[in-house]
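I opened this notebook to keep track of what I looked up. The entries follow the order of my searches.

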Amino acid sequence: MTKRKVRGHKAAKSKLSSKKRWQLQASKAHFSEVFRRARSEGPQWVTKQGRAVVIVRAEEFERLSRARQPESLVEFFAKSPLAKVDLHLDRRSDLGRDIEL
């Protein structure tokens, strides 16, 4: 008796289980699956005609969004390694130059 590969629901499911990239039509048909995988396995890529979007957990999106937000200029200079350096930035007084009008 020879073993035959059975293709069916389980085979299709195992193929999807390793998937992190989805064509748009497949992601629409399996949106609950894409959503669940984004929550449990990480980012899921959805492509249409070579252009992609990524579905990520909301917490990850928030973390990434905060990381890109610039801090205030005051906080930036306070955290600078040069914040405690004693700099003297004295300049000569410049009264301009005489010009003929």
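**Entry 1: the sheet**

I began with strand pairing and found E1 and strand E2 (residues 44-48) joined in the parallel sense over three bridges. I took helices (H or I, at least four residues) and strands (E, at least two) as DSSP runs, numbered from the N terminus. I counted two strands as paired if DSSP finds at least two bridges between them.

A note on the source: this is a predicted model, so I kept to pLDDT of at least 70 for local features and 80 or more for side-chain atom pairs, while totals for chains, interfaces and linings use all residues. Residues are numbered from 1 along each chain as its sequence is written, and side-chain values use heavy atoms, with hydrogens and water left out.

I checked one bridge of this first pair: glutamine 23 has threonine 47 in E2 as its bridge partner. Next I looked at E2 and E3, which pair in the antiparallel sense over five bridges. There, valine 46 has valine 53 of E3 as its bridge partner.

I then put the strands together. They make an open sheet of three strands in the order E1-E2-E3, with mixed pairing. Strand E1 (21-23) and strand E3 (51-55) are the edges; each has a single partner strand, so one side of each lacks a neighbour in the sheet. I also looked up the twist: neighbouring strands are turned by 30 degrees against each other on average, direction ignored. The axes here are lines fitted to C-alpha atoms, for helices over the stretch in contact, and angles run from 0 to 180 degrees between N-to-C directions.

The hairpin of E2 and E3 has two residues between the strands, and glutamine 49 takes a positive phi near 50 degrees there.

**Entry 2: residues of E1**

I picked out tryptophan 22, which is found in strand E1. Is tryptophan 22 buried or exposed? Tryptophan 22 counts as buried, at 1% relative accessibility. My cut-offs were under 20% relative accessible area for buried, over 50% for exposed and partly exposed in between (1.4 Å probe, protein chains only).

Tryptophan 22 and glutamine 44 are 22 residues apart along the chain, and their C-alpha atoms are separated by 7.4 Å.

I also found arginine 21 over the face of tryptophan 45, at 4.6 Å from the ring centre. For this I required NZ of Lys or CZ of Arg within 6 Å of the ring centre and within 35 degrees of the ring normal.

**Entry 3: helix H3**

I asked which residues of H3 are buried. They are Val34, Arg37 and Ala38. They cover an arc of only 105 degrees around the axis, which puts them on the same side of H3. The arc is that of the directions from the helix axis to the C-beta atoms. The face turned away from the buried side of H3 carries the exposed residues Ser32 and Ser40.

After H3 comes glycine 42, with a positive phi near 110 degrees.

**Entry 4: salt bridges**

How many salt bridges does a search of the whole structure find? It finds six. I counted a side-chain nitrogen of Lys or Arg within 4 Å of a carboxyl oxygen of Asp or Glu.

Arginine 37 meets glutamate 33 in one of them, at 2.4 Å, N to O. These two are four residues apart in helix H3 (residues 31-40), so about one helical turn separates them. Arginine 37 is buried, at a relative accessible area of 3%. I also noted a network of salt bridges that links Glu33, Arg36, Arg37 and Glu41.

Glutamate 59 pairs with arginine 39, the closest N and O atoms being 3.0 Å apart. This pair links distant parts of the chain: glutamate 59 is in helix H4 (residues 58-68) and arginine 39 in helix H3, 20 residues apart. Glutamate 59 is partly exposed at 43%, and arginine 39 is partly exposed at 37%.

Within H4, glutamate 60 forms a salt bridge with arginine 63, the closest N and O atoms being 2.6 Å apart. They are three residues apart, about one helical turn.

**Entry 5: aromatic rings**

I found one aromatic pair in the structure. The ring centres of phenylalanine 76 and phenylalanine 77 are 5.3 Å apart and their planes are at 70 degrees, so the pair is edge-to-face. Rings of Phe, Tyr and Trp (its six-membered ring) pair if their centres lie within 6.5 Å; planes under 30 degrees apart count as stacked, over 60 as edge-to-face and the rest as tilted. Phenylalanine 76 is partly exposed, with a relative accessible area of 47%.
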